[in-house]
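This report goes through a few local features of the structure shown below. It takes up a surface patch, then charged pairs, then one position in the interior.

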Amino acid sequence: MANIKSAKKRILVNAKKAARNKAVRSGVKTAVKKVDAAVLAGDKAQAIKALDALKSEMGRATTKGVYKKNTNARKIARMSKKVDALD
């Protein structure tokens with residue numbers, strides 16, 4: 001355990017940020033699973049709706065600094081490719 005006051009504060013702040021990052025990542029994973037489920041079911045309308053939700057969630061995660069911009073673009077591109085393949 002830290003003895004210095006600033007070190008104690010850093011521990012608290014880091015824990016708070018880690019919890020927020022974990023929640024945001026979890027939300028993104030849930031959105032990805034919804035898109036995958038819709039793709040597996042072959043439901044293009046549901047997949048498009050889920051993809052829009054994923055884009056929104058990923059955008060928020062990128063804005064908050066949880067994911068980098070290129071990571072966001074890569075994940076969205078891969079999921080869009082899966083949805084576009086449905087016909």
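## Charge, pairing and burial

Helix H1 gives the most to the positive patch, with four residues. This is a predicted model. The patch lies on the surface and is made up of Lys-22, Arg-25, Lys-29, Lys-33, Arg-74, Lys-75 and Arg-78. Two helices, H1 and H3 (69-84), each supply at least two of the patch residues. One of the patch members, Lys-75, belongs to helix H3. Lys-75 counts as partly exposed because its relative accessibility is 31%, a value between the 20% and 50% limits of that class.

Charged side chains also occur in pairs. Side chains of opposite charge can pair when their charged atoms come close. How many salt bridges does the structure hold? There are two.

One of the salt bridges joins the side chains of Lys-82 and Asp-36, with an N to O distance of 3.1 Å. This pair links distant parts of the chain, since Lys-82 sits in helix H3 and Asp-36 in helix H1, 46 residues apart. Another salt bridge is formed by Arg-60 and Glu-57, whose closest N and O atoms are 3.0 Å apart. Arg-60 and Glu-57 are three residues apart in helix H2 (residues 44-63), so about one helical turn separates them.

The table gives the relative accessible area of each partner.

| Residue | Relative accessible area | Class |
|---|---|---|
| Lys-82 | 39% | partly exposed |
| Asp-36 | 24% | partly exposed |
| Arg-60 | 43% | partly exposed |
| Glu-57 | 22% | partly exposed |

The last position to consider is Val-35, which lies in helix H1 (residues 5-41). Is Val-35 buried or exposed? Val-35 is buried, because its relative accessible area is 0% and the class takes in values under 20%.

Which residues is Val-35 in contact with, leaving aside its neighbours within four places in sequence? They are Ala-50, Leu-51, Leu-54, Met-79 and Val-83. Helix H2 covers residues 44-63, and Ala-50, Leu-51 and Leu-54 are among the contacts of Val-35. Helix H3 covers residues 69-84, and the contacts of Val-35 also include Met-79 and Val-83. In addition, the C-alpha atoms of Val-35 and Ala-47 are separated by 5.3 Å, with the two residues 12 apart along the chain.

How values were computed. Residues are numbered from 1 along each chain as its sequence is written. This is a predicted model: local features need pLDDT of at least 70, side-chain atom pairs count only at pLDDT 80 or more; totals for chains, interfaces and linings use all residues. Side-chain values use heavy atoms; hydrogens and water are left out. Buried means under 20% relative accessible area, exposed over 50%, partly exposed in between (1.4 Å probe, protein chains only). Contact means heavy atoms within 4.5 Å. Patches are made of residues with over 30% relative accessible area and no salt bridge: like charges are joined within 9 Å, nonpolar side chains (Val, Leu, Ile, Met, Phe, Trp, Tyr) within 5 Å. Accessible areas come from the Shrake-Rupley method with a 1.4 Å probe; for residues, only the protein chains shown count as cover. A salt bridge is a side-chain nitrogen of Lys or Arg within 4 Å of a carboxyl oxygen of Asp or Glu. Lys and Arg count as positive and Asp and Glu as negative; His and the chain ends are not counted. The place of a charge is taken as NZ of Lys, CZ of Arg, CG of Asp or CD of Glu.
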